[in-house]
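Trainee: I would like to take a close look at a single part of this protein, and then see how it sits beside the other parts. Could you take me through it slowly?

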Amino acid sequence: MARSELTTVPTYQEIIEQNFAALDAAATELEAAAEEFGQTADTYRTRVASLPHHDELWVGDSAGAASFRFSQTEGELDAAKAEARSLAGVIRDGRSELLRLRGELEEVAAEIRAEGFGINGDGRVTLNPDWAHDTESDRLERERSAWQGRLDQAVEVVSRADDSLRLALLEVVEGQDGRRAGVFNGGAAASTEEVLADRAEELARRLADGEELSGAELSELNHLLELEADDPQFARSLLEGLGGDGFVSLSARTADQVIGGEGDTRQSFAGLQEHLATALAAGTDVPTLEPGSMEYGQWAQTEEGLFYARFMDELHDAGSAGYAVDSLTQQDVRGYQLLTSLMNTENPDYSQRFLHDLADDIRAAEDPSLGGDEDIWRLRADDLAVDGLDADEQEWFTLDPMDAVLGVMGHQPDVATAYLDPEDGNGRLDYLLDERDWSQLNMPMGTSMVSVPGDMTGLGAALQAATTGVPADQSPTITGLNPTEAGGRIVHEVVEKFSADEGTLIADDGKFATLRPELARMTAAYMGDFQMGISQLTIREESEGFTNLTDLALDDFLGQLGRDAEAHGIVTGAQQAYTALAVDIAINQPREDGISLDGLIESAVSPGAQMAGIMSDARAGAVYDAGIAGAEEYNSRLGTIQEWTGVVLDEAVGLAAERYPLAGPVIEWGVGELSDSIFETLQRDNSEQAAQDAGDTYDEGYQAAIGAAQHAVDLATEGHYAEDSDAPTQLKNAATRTVTAFFGTLIGWDAPEAPQQ
């Protein structure tokens, strides 16, 4: 049987009914056999191979041959003892793991039965017969399907452990210990993970060293990693054996085949890349401890801590070194470029310590102030088949490893926040936004080379995740927003830098212009603080106070965001949503005597009106200067815009409901009504008529702000006044007057006289 050949997958019933006593008995017999082999070896050594005066009585060729034979026999007996002990250890280790995983399967099964479902012998979750006529059959089927998924996963985990044990036993028996013509394997390890890691390391090392593996060996390596790559002990053993240079060399070899290979071979190497990424994550999964702390010092002296320090040192040396990937380019590429390319093929969760250390090590390699070379990653683009990078290769290959590792952090918001938080004075944001050269690609232009700006996708992802709590690859409707004080510190520093000099860095031709959509999402998540920063008014305390923006040039920052179509829509939608909740609270919450309702309406509406003026001014300027995206392109982004508008509204509604249990009709109506109205406003805002000239754009933004404020009043007053009451009309007039008064205060535009109802 080939080592990678799969056996029959055990069923749920077989796992539950399996008696593992036979494994225990086999291990006991093997341990006894090991003792007997040991005793036999001792007897042979003392009575045959080492007779008294042996060297004096027997000399010549025959004596030499006999001595060699004795030595071989001794070695074989010692190897037999070692193999028997190894088999016993692997069996006991595998038995313990199977029992543990079966226990987890039984716990899942117990939960399923506790919910009233059944499980048949094939492992199928079944509905209770008493539910045959239940009116909620669709819901019950969804629940049954969800439980089925959990049960199947638990069965699969047991099956994988069973296959790992099978492969480990085969490796012990069929593996070699380096002795010529030896029968027994005297070098086998004594645990499943160690045995399989040794075999995986052997195959991986041969591949990294440039050797060709057979199809069966490559399949075996893939299968071993598929089964075990996510096991920390296995992964550490593999990484320890390969070392930093070996791991990067293996990454180079797999990259060469993924880019230049074909058919099944290419597919096998693509799978290998994913498994190596998983092994890297598992092997470097270390605790997040503060360097210099007593806990860190204690951990650093553990086996795990010593391994991690060694591997990261080796990885840093390899990361700055050059490696050949002929199918990619004839130029040497750097180890960190290969490593981060590998990490981006799969998205396992990497530990915070590893990602932070990796990013800091990349910086050390490139930052001249730390002794690095700012051109270390620079390559040239393909020019008429000149050795370089073409567009397809650049999609896979991460030219900029710093941007790539920031992109990985963008999938893990807590990790991104901790890395970019400026509180401890680490200078990371200063370096990334003030000092770093983000152009890593040279493009031939005639006889000269032109530096091509990077798109900073990873930086944008990390900033979004760090400030909003929304992973770069997920919709905010899935995760919700999570503004924090740490995120607020990042927001303050980002806005301070990007609002300086009239927002030059994020202007249309600014170095960071491509980040404007992510910066708009950040603004949406901290809308309360942005409105407070503009107006100096406290509107809703529970949504504010994460960051203090009152001393910053917010009009310049927001003005540059507004020139980007997607950013304009996100900020405008979030502003309207936040203002609507402020209006609802102003109208419906109890107020003390002497507090004017008109005054509360003004406080609720005026910050948003000022922001609406800034955004309309920016949009008008973009229309006037160069024209912004046409209706079709702009409206294609409205799905993303509506998601962020909706989630800002959801968060605000949730906070209002928690703080004000008797909140008004915005909460009773739900988010949909207001969200739809905002969405329609944004669509109208991009109509062809609005884009005819800058003046129309101002007017359109002004009318949209009035419409949004009036609609918020409609929702907040619904059901609170008699049908013949003119109070709702008066409140809408107050909202309209506020928009008129404040819309142009920060942009120098005089609004037309507002119509009164």
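Trainee: My request concerns Thr-523: does Thr-523 count as buried or exposed, and what is its relative accessibility?

Mentor: Before we look at that residue, please keep in mind that this is a predicted model. Thr-523 has a relative accessibility of 0%, and because buried means under 20%, Thr-523 counts as buried. The residue belongs to helix α21, which runs through residues 516-525. Its side chain reaches back to the backbone oxygen of Leu-519, at 2.9 Å. A general point helps in reading that pair: an α-helix has 3.6 residues a turn, so residues three or four places apart point the same way. If we leave aside the neighbours within four places in sequence, the residues in contact with Thr-523 are Phe-530, Phe-557, Leu-558, Leu-561 and Val-571.

One of those partners, Val-571, leads us onward, and the next stop is a cavity. Helix α24 covers residues 565-588, and together with α25 (597-625) and α30 (694-717) it makes up the elements that give two or more residues to the lining of the second largest cavity. That cavity holds about 80 Å³ of space, and the structure has three cavities of 30 Å³ or more. Its lining consists of 12 residues, among which Gln-575, Thr-579, Ala-705, Ala-708 and Ala-709 lie nearest the centre. Sorted by class, the lining has eight nonpolar and four polar residues, with no charged ones.

It is useful to set beside this the second largest pocket, where about 410 Å³ of space is found. Here 18 residues form the lining, and those nearest the centre are Glu-290, His-356, Ala-418, Asp-424 and Arg-428. Two or more lining residues come from each of α13 (352-366) and α16 (413-420), and α13 gives the most, with five residues. The lining of this pocket divides into nine charged, five polar and four nonpolar residues.

Burial can also be followed along a whole element, and helix α12 (residues 335-343) lets us do this. Nine of its nine residues are buried, so the helix is largely enclosed by the rest of the structure; among them are Tyr-336, Leu-339, Thr-340 and Met-343. Strand β4 covers residues 329-334, and it pairs with β3 in the antiparallel sense over three bridges. The two strands form a hairpin with three residues between them, and Val-325 stands opposite Thr-329 in β4. Strand β3 itself has two faces, a covered one with Tyr-323 and Val-325 and an uncovered one with Gly-322 and Ala-324.

For a contrast with Thr-523, turn to helix α20, residues 485-503, where Asp-501 lies. Asp-501 counts as exposed because its relative accessibility is 61%, and Glu-502, in the same helix α20, counts as exposed at 60%. Most residues other than glycine have a negative phi. Asp-501, however, has a positive phi near 55°, and Glu-502 has a positive phi of about 60°.

Finally, we can step back to the protein as a whole, which has 31 helices and seven strands. Of its 757 residues, 51% are buried, and Thr-523 is one of the buried ones. Among contacts between residues at least 6 apart in sequence, 74% join residues at least 24 apart.

Methods: Residues numbered from 1 in each chain as written. Predicted model: local features only at pLDDT ≥ 70, side-chain atom pairs only at ≥ 80, totals over all residues. Heavy atoms only, no water. 1 Å grid on protein atoms, 1.4 Å probe; cavity = no way out; pocket = protein on both sides within 12 Å on 5 of 7 lines; lining within 4 Å. Points joined across faces, edges and corners; volume = space filled by probe spheres on them. Helix = DSSP H or I, 4+ residues; strand = E, 2+ residues; numbered from the N terminus. Nonpolar A, V, L, I, M, F, W, Y, C, P; charged D, E, K, R; others polar. Buried < 20%, exposed > 50% of the residue type's maximum accessible area, 1.4 Å probe, protein only. Polar contact = N/O pair within 3.5 Å; in protein donor to acceptor, adjacent residues only side chain to side chain. Contact = heavy atoms within 4.5 Å. Pairing = 2+ DSSP bridges.
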